[in-house]
Amino acid sequence: MARDLEQYLRPGLATAFCPGCGDGILLGLILRAIDELEINIDDMLFVSGIGCAGWIPSPNFNADTLHALHGRTIPFATGAKMFNPKLQVLVISGDGDLADIGGNHLIHGARRNIDLTVILANNFLYGMTGGQVACTTPKGAFTMTTTEGNPYRPFDLCKLVSAAGATYVARYSVTQPFPLISSIKKALQTRGFSFIEVLSPCPTQFGRRNQLGNPTDMIESLLDRCIMKEETEGLSPEELEGKIVTGEFSDGGN
Amino acid sequence: MKSVLSPGSYYFSGDEAIAEGAIAARCGYFAGYPITPASEIIERISIRFKEVGGVFIQMEDEIASICSIIGASWAGARAMTATSGPGFSLMQEGIGHAIMTETPIVVVDVQRAGPGLGQATRPASGDIMQAKWGSHSDREIIAICPWSVQEAYDQTINTFNLAEKYRVPVFLLTEEAIGHLRERMEIREDVEILERKKNPGAAPFGTEEGDGVPPMPAFGEKEKLLVTSSTHNDYGMRKTDDPLVQARLVSRLYSKIMNNREKIIDYDAYFMEDADVVVVCYGFTARSSLFAIEEMRGAGGKVGMLRLKTLWPFPDRLVKDIGSKAKKILVPEMNMGQIAGEVMKYASCDVISYPQTNGEVIHPNTIIEQLRRLV
């Protein structure tokens, strides 16, 4: 299987990701979804943002890629898709890019419900620039710019994008590979705006500063904390404390 | 190619003429955001594109507008946006991206009095230097300045051709006074349309040949494009720590415009044969200047006028030549002397700047008064 996926990768490239980064896992899962759907990658356009997750498609994917300005992936993608609707456009970027600097474009993309698929790799902070606080950093978490703990609440991105009108909205962790592959397939087949928030561990910046242990510990923590939406029924607030609810939150088109 | 509107006389505002010029130039994608005094352009485009078959979208801001036209240009569109000062400021990072990725786009700036919000319904020419230097680091672009509604139409068509030919953002720098001016103009039967240069398989971001402009494929043509405004090699692969690739790319982006500037630059000269005093002007101010020059000539004054149609690349050789023949050059403009400073760089004679930034056009009598002091 892994060898089959090499056909989608530009030859001769080394990974840009740190050891233990979730983005490499996500890269593989996206390609598995494309492969299982038998989409011709030459019919796709990958729009990548600035930051670690932007490196998932560009330059790695052996297809048309557009490396956008910081925060502006969705406007770039909108222009390409509106002019050539035959392009299957997949936006891949991080939380800082899509939700902080690009937050306005994210909600307007969802509101217009343009036929784009957006995969947001959430590592809970700005990884590439050295680990600064983002709009997704949990309250109290330590980052380069919140050395006494983040004083603010994070966005619930799925609620935000659902409320803005996206057709398909889901959240999964890279530790839930099979539901995530299914979700990516569903998102790619959705007509309208589809959005998946993917939790992706960052041992180098987030793990180190918050004493979350080694990469294996972070993966195990996600395995423990992520529960499916359907499993939350009947659980008390105490039992839900510290859990991350995953699954599909908006599925209007399917 | 045939004109879209049937040939004949029309009574348009400058903004309407720009919209019709874009349609005549086969603009396929227009994204914009409302702003005075450019809103009439998106208004007309939004209606007319339904009739002629273009894609129009009103985006959430000017940043989104400029980014979406870059995306559309790479999808194969002749793409455009239109704005004014504050919106032009917001677009600058995107313009820098288009310069580095060699994306043909047309940006109309209907200049209003600034800085800041300034006076939204009042004319100025305050964005000339912003057009040249508005984003970080070096940049070479093309900027055209029309002086009439007719020229707003004709030059809009020209900006699309220049953008495609040189793979660069091209600005139509007009002023509120032209955007909202209504006058008669002619539409001819034929429109010259320059198509994008294609060469499947060739390097899309480098060439050693000809004019220094590589061919440009579009998304969906199986070229597996890498489009990035990071420093990149001829095939678009990021090379963010290679000094040779950085130097070579920046040098080519500069020289593809500067080495071709004699082909790009356009101007009109009036009464220049024996002129001692020359008015160098552009845009609406050239209308007042021509009136003043004709008055002065009637009274026997040896005055002439150079009207710049192309502001960037700046006509350095032309101004140098004029500066070696004339005794004095007067540069009246609706800013604090942005083009006067350029004229001073190249003209060896005395250069007198007449700046006016009161949000009003420069009256012909004002120019006559200035000229009388110099003749």
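**Entry 1: helix H6 of chain A.** I began with helix H6 (residues 157–164) of chain A in this predicted model. H6(A) lies across four strands of chain A, namely S4, S7 (168–173), S8 (194–199) and S10 (244–251). I noted an angle of about 170° between H6(A) and S7(A).

**Entry 2: the sheet.** I then traced the sheet to which these strands belong. It is open, has nine strands and shows mixed pairing. I read the order as S9(A)-S10(A)-S7(A)-S8(A)-S4(A)-S3(A)-S1(A)-S2(A)-S10(B). The edge positions are held by S9 (226–228) of chain A and S10 (226–227) of chain B; each has a single partner strand, so one side of each is left without a neighbour in the sheet.

**Entry 3: two pairings within the sheet.** I looked up S3 (residues 88–94) and S4 (residues 117–122) of chain A, which run parallel and are joined by five bridges. Within this pairing, Gly94(A) has Ala121(A) in S4(A) as its bridge partner. I next turned to the pairing that links the chains: S2(A) and S10(B) are parallel, with two bridges. Here I found Leu66(A) opposite Val227(B) of S10(B).

**Entry 4: the contact between the chains.** I recorded 28 residues of chain A in contact with 34 residues of chain B. On the chain A side, the elements giving two or more residues are strand S2 (64–67), helix H3 (73–83) and helix H5 (103–112). H3(A) supplies the largest share, eight residues. By type, I noted 13 nonpolar, 10 polar and five charged residues on this side of chain A.

**Entry 5: chain B as a whole.** For chain B I listed 13 helices and 16 strands. Its radius of gyration is 21 Å, close to the 21 Å that the globule rule gives for 375 residues, so chain B is as compact as a globular protein of that length. Along the principal axes, its C-alpha atoms fill a box of roughly 65 × 50 × 40 Å. I noted that 55% of the 375 residues count as buried. Of the contacts in chain B between residues at least 6 apart in sequence, 74% join residues at least 24 apart.

**Entry 6: Ala286 of chain B.** I closed with Ala286(B), which lies in helix H10 (residues 284–298) of chain B. Is Ala286(B) buried or exposed? I record it as buried, because 26 other C-beta atoms lie within 10 Å, where the cut-off is 20 or more. Leaving aside neighbours within four places in sequence, Ala286(B) is in contact with Trp147(B), Cys281(B) and Arg307(B). I also looked up Glu333(B): Ala286(B) and Glu333(B) are 47 residues apart in sequence, with their C-alpha atoms 9.0 Å apart in space.

Key
Residues numbered from 1 in each chain as written. Chains lettered and ligands numbered in written order. Predicted model: local features only at pLDDT ≥ 70, side-chain atom pairs only at ≥ 80, totals over all residues. Pairing = 2+ DSSP bridges. Contact = placed C-beta atoms within 7 Å. Axes fitted to C-alpha atoms, helices over the stretch in contact; angles between N-to-C directions. Nonpolar A, V, L, I, M, F, W, Y, C, P; charged D, E, K, R; others polar. Buried ≥ 20, exposed ≤ 12 C-beta atoms within 10 Å, placed from the backbone. Rg over C-alpha atoms; globule rule 2.2 N^0.38 Å.
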